[in-house]
Structures are given as structure tokens and as C-alpha cells.
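Colleague: Pick one buried polar spot in this thing and give me a close look at it. I'd also like to know how the rest of the chain is put together around it.

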Amino acid sequence: MSTTDTQTLVLIETSLAGTMKVESRDGDKLGSVSAFMVHKRTGRATHAVLSLGGFLGVGKSYYPLPFSLLQFDPVRDLYVVTIDRRLLEGGPSWANNAPQFDQAYADRVASYYGAGTEDLSLN
């Protein structure tokens, strides 16, 4: 097994089927959290995958965000993104096929948002 294969298996995707709504810090509705990327060893969510746009499941785009960029609002039962919508929409994303979520991709996402990098090793 290559290093990339090992790193890919470190994270598991937990699907939420779009049940967690997401708003901007200005109160604009953005979309929903479609999944969390969870580190198998620590059990900690490292990234949230936001689903934006589309109609009846067609035309959606998915944006991975470091979990630190989300704040949960327990009163409204939703997540608030702490970055500007334009920054989010210009960030790493995919429409049909998710990229291989390895250390290099996690570093790319963190670098784009200026967030701390996640060590995806099993150690």
C-alpha cells in the first residue's frame, strides 16, 4: 500500500444528507453540511464538506472547509461560516467526483483559507 493510500484511509466520510444548514456570518443562507471528514484514530472531525447550489440534487458544488472555520449556533441549530462567501466560492471544490482527500489536499485546503494544517498521519 502506498503512502497516499494509507493517508486516504485515515479519514472517513460521515454523510449527513444535507440536514445541517449553513449560513454566512451575515445571515445569508449558503447551503448545508453534506458530510464531515473524521479522523479514524482521534474520532475528531477535521473538515466539513459544504453543499452549495443546485436544484433537486443537480448542479451542486461541494466545498471542503477546515472545521475550525465553522461555528455551531445551538439556538438556530445550524452552522455559521466565519469567512466571506466570495472566499468560500473561490475555494477548493468539486461538482461530480470528490478528490482524493489525502495530506496534500488537506494542506491545499488549509493553505487557501489560511487555517492551520491537519496532520493526517495515524501516529
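Modeller: Three helices and six strands make up the secondary structure here, with helices (H or I, at least four residues) and strands (E, at least two) taken as DSSP runs numbered from the N terminus. The order from the N terminus is α-β-β-β-β-β-β-α-α. Bear in mind that this is a predicted model, where local features need pLDDT of at least 70 and side-chain atom pairs count only at pLDDT 80 or more, while totals for chains, interfaces and linings use all residues. Residues are numbered from 1 along each chain as its sequence is written, and side-chain values use heavy atoms, with hydrogens and water left out.

Now the spot: D73, in strand β5 (residues 70-73). D73 counts as buried because its relative accessible area is 17%, and buried means under 20%, with exposed over 50% and partly exposed in between (1.4 Å probe, protein chains only). The side chain of D73 makes a polar contact of 2.7 Å with that of R76. A polar contact is a pair of N or O atoms within 3.5 Å; within protein, one must be able to donate a hydrogen and the other to accept it, and residues adjacent in sequence count only if both atoms are side-chain atoms. Leaving out residues up to four places away in sequence, D73 touches L78 and V80, contact being heavy atoms within 4.5 Å.

L78 is also the bridge partner of D73 in β6. β5 and β6 run antiparallel, joined by four bridges; strands pair if DSSP finds at least two bridges between them. The two strands form a hairpin with four residues between them, and in the turn D77 has a positive phi of about 55°.

β6 (78-81) also leads us to the largest nonpolar core, since β6 is among the elements that each supply at least two of its residues. Such a core is a set of buried Ala, Val, Leu, Ile, Met, Phe, Trp, Tyr and Cys residues joined through side-chain atoms within 4.5 Å. This one has 29 residues, and V33, L50, L65, V81 and L88 touch the most other members. β2 gives the most, six residues. For a view from inside, try L50: beyond its neighbours within four places in sequence, L50 contacts V22, S32, V33, S61, Y62, Y63, L65, V81 and L88.

Zooming out, 40% of the 123 residues count as buried. Of contacts between residues at least 6 apart in sequence, 45% join residues at least 24 apart.
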